[in-house]
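Here are my notes for anyone opening this one for the first time. Have the 3D view ready and follow along point by point.

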Amino acid sequence: MLEGLMGIAGKFYKAFIEGERWKLYLSGLGITLEMTVVALIFGMVLGVVVAVIRTAHDQQRPGRRNILLSILNALCKLYTTIIRGTPMMVQILIWGFVIFASSRDKVMVGIIGLGINSGAYAAEIVRGGLMSVDVGQSEAGRSLGLNYLDTMRFIVIPQAFKNILPSLGNEFITLFKDTSLVNTIGAAELTYQAMRIGGRNYDYMPPLIGSALIYLAIVIIFTWLQGKLERRLRQSDRR
Amino acid sequence: MIDVKALSKSFGDHLVLDSIDQHIYPGEKVVIIGPSGSGKSTFLRCLNLLEEPSAGTITFDGQVITDPKADIDKIRQQMGMVFQHFNLFPNMTIRRNITLAPVRTKLMSQAEADDTATALLKRVGLEEKADAYPAQLSGGQKQRIAIVRALAMKPKVMLFDEPTSALDPEMVGEVLEVMKELAQEGMTMVVVTHEMGFAREVGTRVLFMDGGKILEENEPHAFFSDPKEQRTRDFLSKVL
C-alpha cells in the first residue's frame, strides 16, 4: 500500500519536479491562456459584427432592402453554417496543414482557427441577446433621433451583453478547453507539453492527469470570477 | 406643421389605417381617442415612421418624411415621443438617459447637455434623481423623466402614446400636470389617451378614431357636449 503510493509519488516527481519540468507546464499554460484570450477577443469582435449584420438585415423595413446588407448577410450565414457544421478538430488541422502549412508560428495559426470558430458560436449567442432586448428600447433610441448604430452601441448591445453573459462564459470555457486541440498542429500549449513529457518518461499518466487538474482549476477560478462580474452588472437593476 | 395625406397602413391582410387625411397646425394640442384596435396608436407611430405607412404621404415642416430618401434620423430629432411603457434605458443613469441623444446627435456638448438635463429635471421636481437608475423610480417618475428626455432634444412637436395607461391611478396626475405645463408653453402636441378630462381641459381639437378612420373631430367642448356620430356617442357613454 505504502509502496504503491510511494511509486505514484515518484512518477509524479519525475513528471513535474525533475529537471525543472514544471516550468514546461507553466510555459504551456501561458500559451494556452494567451491563445484563449486573444481568440476570445477575436471571436467576440467577429461575433458582434456578424450578429449586428444579421439583425440589421432581419430588421430592415420592407420596401427598403439594402443590397450590400443582403450580400453581407449571405456571407455571414455561409460562415456560421460552415464553421458550426464541421468539427473543430478538422478545422484546426486544415488551418495548420493546408492553409498555413508553411507558417512556423503555430500559436498564431491556432489563434486564428480558434477565433474564427468561436466567432460563429458567439454570433448566434449575441444575436439571441440582441433579440432579447425589448423592442421599445430601440424604438425609444430611434425616436430620439439616434441612428441605428448608435442605438445598437449605447442602448441595445449593453443590455444584450448582460443577458448573454452566462452563455458567453460557457463559450469562454469551451474555447479554453478547445485550445488543447491545437497541440495537433504543434503549438506548444499545455497539452502539447504534457504529451512531450509523457513521451520522454514513457509514462503518460502523471502529466495528463496533472494537466487535466490544471484545466479544471482554471475553469473553477473563471466560473467564480464570472459570478462576480454578473453581480456587478446587475447593479442597475437594484431598487 | 404635419400634413397627412391618404395614409394607409396594413399588417398583412389587416387594414389598420384606412386612407387618413389630417393636418396638424403649430401650437395645436390634438387629442386622439377611440376604442382599442381603432388604429390611434398606429396613426401616431406613423407620424415619426416607427411604423412604415403602406400608402400615403406625411409631410413635416415642408419635408416629405415618407420619401425613402428623407433623413429620418434628422426628422425624428425634431419630434419627441413618449411611450406607454416609458422605455427609459435601464443601463444608464437618469442624467445619461437625458443627455445621450443631444450629445450623440451633436446638438449639444456634454456640458451643455448636462446643464439642460439639470434644468429640465428641476422643472419636473426630480433633480435629486439625476444619478439614480430607472429601476429605482416609480412609474410616474419614469414617465416624467421620459418626457424630459424627449424635451432635451428641443423638439418642435411632441407625440404621446397613451402616456398614463401603464401608471397606477395615483400617479396619473403628476404626469398630466407636466403635460399641461408643456401645453401652456405652446408646444405642439399629439396625444393618444383615454384621459377624457385631459382631452377636455387641454386639447384644442379631439379626434375620434374607429376602424382605421377618423370618424369625428371637433373642438373639445362641442365634441363632448354634442357628439355628431352615433358611434362616438356609444363610445363616450361607456367611458364617461
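What covers the buried residues of α6(B)? Keep that in mind while reading; the model is a predicted one, and the points below start with that helix.

1. **The cover over α6(B).** To take the question straight away: the cover includes three strands of chain B, β3 (29–33), β7 (157–161) and β8 (188–192). Helices contribute too, among them α4 (110–123), α5 (139–151) and α7 (196–202) of chain B. The residues they cover are B:Met171, B:Val172, B:Val175, B:Leu176, B:Val178, B:Met179, B:Lys180, B:Leu182 and B:Ala183, which are buried in α6(B). When you look at that list, remember that an α-helix has 3.6 residues a turn, so residues three or four places apart point the same way.

2. **A length check on the helix.** Helix α6 of chain B runs over residues 169–184, which makes 16 residues. At 1.5 Å a residue it should span 22 Å, and its end C-alpha atoms are 24 Å apart, so the two values agree. Just past the end of α6(B) you'll find B:Gly186, with a positive phi of about 100°.

3. **A buried glutamine.** Go to helix α5 of chain B and pick out B:Gln143. Is B:Gln143 buried or exposed? With a relative accessibility of 0%, B:Gln143 counts as buried. Leaving aside residues up to four places away in sequence, B:Gln143 touches B:Val82, B:Phe83, B:Gln84, B:Phe86, B:Pro163 and B:Val175. That last neighbour, B:Val175, is one of the buried residues of α6(B).

4. **A salt bridge from α6(B).** B:Lys180 is worth a click, as it forms a salt bridge with B:Glu201, where the closest N and O atoms are 3.5 Å apart. The pair ties together distant parts of the chain: B:Lys180 sits in helix α6 of chain B and B:Glu201 in helix α7 of chain B, 21 residues apart. The two ends are placed quite unlike each other: B:Lys180 counts as buried because its relative accessibility is 19%, under the 20% cut-off, while B:Glu201 counts as exposed at 57%.

5. **Other salt bridges.** How many salt bridges does a search of the whole structure find? Over all chains, the search gives 20. As background, side chains of opposite charge can pair when their charged atoms come close. One of the pairs is B:Asp3 with B:Lys5, whose closest N and O atoms are 2.8 Å apart; B:Asp3 is buried at 19% relative accessibility, and B:Lys5 is partly exposed at 47%. Another is B:Asp226 with B:Lys228, at 3.3 Å between the closest N and O atoms. Here B:Asp226 is partly exposed, with a relative accessible area of 44%, and B:Lys228 is exposed, with 52%. Over in chain A, salt bridges link A:Arg54, A:Asp58, A:Glu124 and A:Arg127 in a network.

6. **Where the chains meet.** Now zoom out to the interface: 24 residues of chain A are in contact with 33 residues of chain B. About 2500 Å² is buried between the two chains, with carbon and sulfur atoms giving 53% of that area. The count of salt bridges between chain A and chain B is three. In one of these cross-chain contacts, the side chains of A:Glu139 and B:Arg45 meet in a salt bridge, with 2.6 Å from N to O. Eight residue pairs are in polar contact between the chains, counting those with both residues at pLDDT 80 or more.

7. **Chain A's side of it.** Which helix gives the most to the side of chain A that touches chain B? That is α6(A), with seven residues. Both α6 (135–143) and α7 (148–178) of chain A supply at least two residues each. By type, this side divides into six nonpolar, eight polar and 10 charged residues.

8. **Two loop residues to check.** Finally, have a look at a pair of positive phi values outside glycine. A:Tyr202 has a phi of about 50° and lies in the loop between α8 (190–201) and α9 (205–233) of chain A. At 75% relative accessibility, A:Tyr202 counts as exposed. For B:Asn87, phi is near 55°, and the residue is found in the loop between β6 (79–82) and α3 (94–104) of chain B. B:Asn87 counts as buried, at 7% relative accessibility.

Note on methods. Residues numbered from 1 in each chain as written. Chains lettered and ligands numbered in written order. Predicted model: local features only at pLDDT ≥ 70, side-chain atom pairs only at ≥ 80, totals over all residues. Heavy atoms only, no water. Contact = heavy atoms within 4.5 Å. Buried area = accessible area lost by both parts, 1.4 Å probe. Salt bridge = Lys/Arg side-chain N within 4 Å of Asp/Glu carboxyl O. Polar contact = N/O pair within 3.5 Å; in protein donor to acceptor, adjacent residues only side chain to side chain. Helix = DSSP H or I, 4+ residues; strand = E, 2+ residues; numbered from the N terminus. Nonpolar A, V, L, I, M, F, W, Y, C, P; charged D, E, K, R; others polar. Expected span 1.5 Å × (residues − 1). Buried < 20%, exposed > 50% of the residue type's maximum accessible area, 1.4 Å probe, protein only.
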